[in-house]
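Biologist: I am new to this structure. Please pick one part, take a close look at it, and then walk me outward to its surroundings.

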Amino acid sequence: MMAASPQISLLIIGGGNRGKRYAAYALCHPTRMKVIGVADPRASARRELQELHPMDPSNVFDDWRPAAERERFADAVLIATPDRLHKAPAVAFAHKGYHILLEKPMATTPEDCKEIVQACKTGNAILAVCHVLRYHPVALKIKELLDSGLIGDICHIQHLEPVGFWHFAHSFVRGNWRNEAESSFSLLAKSCHDLDLINFWMGDKRCLKVSSFGNVSHFTKEHQPKGASSRCWDCSVEQTCPYSAQKIYMEPAKKGYFDWPVSVVCSDGVYDIESLADALRHGPYGRCVYQCDNDVVTNQVVNMEFEGGATVGFTMVAFTEKLGMRKTTIYGTKGELRCEGGGPVEVFRFLEKTTTTFSPDKASSVPASLSGHDGADFYLIETFVSAVAENNPSLIQTGPEDTLHSHLLVFEAEKSRRENRVVFLEP
């Protein structure tokens with residue numbers, strides 16, 4: 001019988017929604033991972049993690065810097081700070097020799113991404129970026145089928161990310177990713193997952209040129225309904241608005257649901273109707289979607305050409321019924337591959353004129369606390385823990401070079417959108 005992997009210790013930098021999600025792995029698999037510290041400026045976030053994961057008070061910080069100044073006291077660190085605050089802790093902890101699980105995006109500039117990669121190389125640190133979709137059995141099954149040659153050479157990939165109408169309103173109009181100056185642009189904040197997947201599927205073929213178009217649609221002051229107020233709580237037209245904060249947050253809460261996204265609105269760590277009502281009256285998530293300071297695009301297309309002539313068309317759109325149910329069609333010289341959401345994967349072969357269905361190799365059970373992204377959150381943290389426990393970076397699907405490559409493609413695509421031109425990529 002193979003010996004069990006040793007338990008790893010994890011320090012959480014940023015105890016918000018994503019930090020708590022990944023920390024939950026220690027509750028499901030306590031012999032595999034233990035959360036031994038947290039750094040977060042919010043007392044409520046620190047308190048929540050302390051209650052769930054008993055830890056030495058000396059390992060609880062309101063700033064990550066004192067933790068980084070100490071001698072290394074954990075095997076690994078999870079960095080789940082806001083996007084613009086990724087680089088500094090990632091570099092500091094890498095230099096200390098911590099293995100790093102870094103929430104996507106890596107950073108908000110190409111230079112910062114490169115500095116993180118170099119720091120991890122210098123510190124001999126395992127780096128895994130939270131491009132969770134690469135770890136999902138569906139993405140891996142698609143890659144397996146493509147590499148087998150079942151559909152021949154790839155000619156074109158058509159990939160759609162439907163964000164979901166209320167999800168976009170929550171995260172990108174009212175929420176933390178609404179404004180580029182405070183976070184990052186949509187393609188980086190939301191769709192770096194997808195361009196990473198496309199790079200993964202294309203294998204060793206390099207993207208040669210890219211063009212992109214997109215804009216902010218609908219969520220502007222010009223589209224505010226007549227008679228609407230600045231907040232949904234006391235708005236006379238709230239009942240006719242699909243983006244109403246009352247509908248997105250209060251209606252689920254009245255049914256006893258206080259998980260995401262309601263949990264994000266109750267930022268003081270108190271989850272009840274009164275706390276939620278106060279947040280909707282006075283906090284950012286109660287604002288009218290037509291009177292926010294959002295400037296990130298709601299819909300964007302990215303067109304790419306790879307070595308060998310293969311083309312790719314990617315679309316991100318806010319205004320969809322489905323939430324995150326990506327739809328992919330890959331056209332090859334010998335067949336066509338289709339998949340939506342969690343699968344299965346269908347392949348139509350031109351020669352036989354038959355369709356074969358392939359089921360991804362999913363885990364028998366995924367903890368509810370790690371079911372985000374159709375369970376990809378679980379597959380990612382499971383893999384990271386194994387890589388650290390076994391000191392085996394080859395297990396990581398989203399390591400330094402691959403992730404840097406896909407991030408640089410995202411930056412070039414956004415440059416194309418802003419400058420309204422085709423961008424040719426340097427080797």
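Modeller: Start at Gly97. In this predicted model, Gly97 has a positive phi of about 90°. Gly97 comes just after helix H4.

Now step back into the helix itself. H4 covers residues 87-95. Its buried residues are Pro89, Ala90, Val91, Phe93 and Ala94. What covers them? Three strands are part of the cover: E1 (8-13), E4 (76-79) and E5 (99-102). Two helices are also part of it, H3 (64-69) and H5 (110-122).

Those three strands lead to the sheet. E1, E4 and E5 belong to an open sheet of six strands. Read across, the order is E3-E2-E1-E4-E5-E6. The pairing is parallel. Strand E3 (60-61) and strand E6 (127-129) stand at the edges, and each has a single partner strand, so one side of each is left without a neighbour in the sheet.

Look at the E3 edge. Its partner there is E2, residues 33-39. E2 and E3 pair in the parallel sense, over two bridges. At this edge, Val38 stands opposite Val60 of E3.

Another helix meets the sheet as well. Helix H13, residues 376-390, lies across E1, E2, E4, E5 and E6. H13 runs at about 170° to E5.

Go back to H5, one of the elements that cover the buried residues of H4. H5 leads to a pocket. The second largest pocket has a volume of about 310 Å³. It is lined by 14 residues, and the closest to its centre are Leu408, Leu409, Glu412, Leu425 and Glu426. Two elements each give two or more residues to this lining: H5 and helix H14 (400-419). H14 gives the most, with five residues. By class, the lining of this pocket has eight nonpolar residues, one polar and five charged.

Last, the enclosed space. The count comes to one cavity of 30 Å³ or more. The largest cavity holds about 90 Å³ of space. Its lining has 13 residues. Those nearest its centre are Ala228, Cys232, Cys235, Cys241 and Cys288. Ten residues of this lining are nonpolar, one is polar and two are charged.

So much for the tour. Keep the starting point in view: Gly97 with its positive phi, just after H4. From there, go to the buried residues of H4, and then to the strands and helices that cover them.

Notes: Residues numbered from 1 in each chain as written. Predicted model: local features only at pLDDT ≥ 70, side-chain atom pairs only at ≥ 80, totals over all residues. Heavy atoms only, no water. Buried < 20%, exposed > 50% of the residue type's maximum accessible area, 1.4 Å probe, protein only. Helix = DSSP H or I, 4+ residues; strand = E, 2+ residues; numbered from the N terminus. Contact = heavy atoms within 4.5 Å. Pairing = 2+ DSSP bridges. Axes fitted to C-alpha atoms, helices over the stretch in contact; angles between N-to-C directions. 1 Å grid on protein atoms, 1.4 Å probe; cavity = no way out; pocket = protein on both sides within 12 Å on 5 of 7 lines; lining within 4 Å. Points joined across faces, edges and corners; volume = space filled by probe spheres on them. Nonpolar A, V, L, I, M, F, W, Y, C, P; charged D, E, K, R; others polar.
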